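User: I should like to learn how to read individual features of a protein model. May we work through one together?

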Amino acid sequence: MMESIVKHPDFKPVERTFTTENNRSAAHVMIFARTDNRLWDEHDQRAWVNMHMRFDGSLGFPGGLVDAGESIEIGLNREVKEELGNDFDIKAADLVSSHYSEKYNIVNHFYCKEIGEEAFFQLEKSAMKAEEYGVEILGHIRIPLYSYISKRGKLTGFPLFLQNTFA
């Protein structure tokens with residue numbers, strides 16, 4: 001297991017197989033595509049990362065609660081299919097970290113899946129036809145992985161993006 005990058009008092013890093021009596025499990029995935037594209041021929045985009053606007057007004061990654069009896073990856077792939085309309089075949093090897101909260105009695109698993117640029121375009125097109133679009137998912141966005149000073153002298157792009165509310 002890699003060193004935890006999550007610094008939250010209610011969550012501690014655990015192994016993927018960690019479980020307690022009656023705990024819930026959730027899994028989410030960052031889907032991204034590397035790119036050499038530039039914004040306005042000035043700003044390297046580096047990669048396109050998918051996030052969505054959730055029903056509660058916060059931003060989050062695709063995924064959700066794993067149903068009883070499901071493996072983590074089967075539950076995650078089901079949630080992703082409901083939210084994005086596509087199957088990305090997320091596997092155990094895509095796992096980045098797992099964290100447990102005794103306070104909330106939940107184990108959160110986070111995955112990372114790289115896809116190609118064309119597959120990313122298809123993700124964006126098909127997502128609006130997904131089962132949960134307009135219900136649980138209100139829209140999809142690309143994270144701006146660049147930053148620059150605007151004509152008004154304001155630092156924009158990724159630093160401004162980080163001021164949003166995240167799930």
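User: Leaving aside neighbours within four places in sequence, which residues is glutamate 70 in contact with?

Analyst: A contact is judged by distance, with heavy atoms within 4.5 Å. In this predicted model, glutamate 70 meets Gly75 and Arg78 once the neighbours within four places in sequence are set aside.

User: Where is glutamate 70 found with respect to strand S7 and helix H1?

Analyst: Glutamate 70 sits in the loop between strand S7 (63-65) and helix H1 (72-84). Its side chain also reaches the backbone nitrogen of aspartate 67, at 2.7 Å.

User: Is glutamate 70 buried, partly exposed or exposed?

Analyst: The reading depends on relative accessible area: under 20% is buried, over 50% is exposed, and partly exposed lies in between. Glutamate 70 has a relative accessible area of 22%, so it is partly exposed.

User: How many residues apart in sequence are glutamate 70 and lysine 129, and how many Å apart in space?

Analyst: Separation in sequence and separation in space are to be read as two values. Glutamate 70 and lysine 129 are 59 residues apart in sequence, and their C-alpha atoms are 25 Å apart in space. For arginine 54 and tyrosine 133, the separation is 79 residues in sequence and 9.7 Å in space, C-alpha to C-alpha.

User: In which strand does arginine 54 lie, and which residues does arginine 54 touch, not counting those up to four places away in sequence?

Analyst: Arginine 54 belongs to strand S5, residues 47-54. Not counting residues up to four places away in sequence, arginine 54 touches Leu59, Gly60, Glu136, Leu138 and Ala167. With a relative accessible area of 22%, arginine 54 is partly exposed.

User: What share of contacts in the chain between residues at least 6 apart in sequence join residues at least 24 apart?

Analyst: Such a share describes how contacts are distributed along the sequence. Here, 62% of the contacts between residues at least 6 apart join residues at least 24 apart.

User: How many helices and strands are there in the chain, and why is the chain described as being as compact as a globular protein of that length?

Analyst: The chain has 3 helices and 12 strands. Its radius of gyration is 17 Å, close to the 15 Å given by the globule rule for 167 residues, so the chain is as compact as a globular protein of that length. Along its principal axes, the C-alpha trace spans about 55 × 35 × 30 Å.

User: What share of the 167 residues count as buried?

Analyst: Of the 167 residues, 40% count as buried. The accessible surface of the chain is about 10,100 Å², and 53% of that surface belongs to carbon and sulfur atoms.

Key: Residues are numbered from 1 along each chain as its sequence is written. This is a predicted model: local features need pLDDT of at least 70, side-chain atom pairs count only at pLDDT 80 or more; totals for chains, interfaces and linings use all residues. Side-chain values use heavy atoms; hydrogens and water are left out. Helices (H or I, at least four residues) and strands (E, at least two) are DSSP runs, numbered from the N terminus. The radius of gyration is taken over C-alpha atoms; the globule rule is 2.2 Å times the number of residues to the power 0.38. Buried means under 20% relative accessible area, exposed over 50%, partly exposed in between (1.4 Å probe, protein chains only). Accessible areas come from the Shrake-Rupley method with a 1.4 Å probe; for residues, only the protein chains shown count as cover. A polar contact is a pair of N or O atoms within 3.5 Å; within protein, one must be able to donate a hydrogen and the other to accept it, and residues adjacent in sequence count only if both atoms are side-chain atoms.
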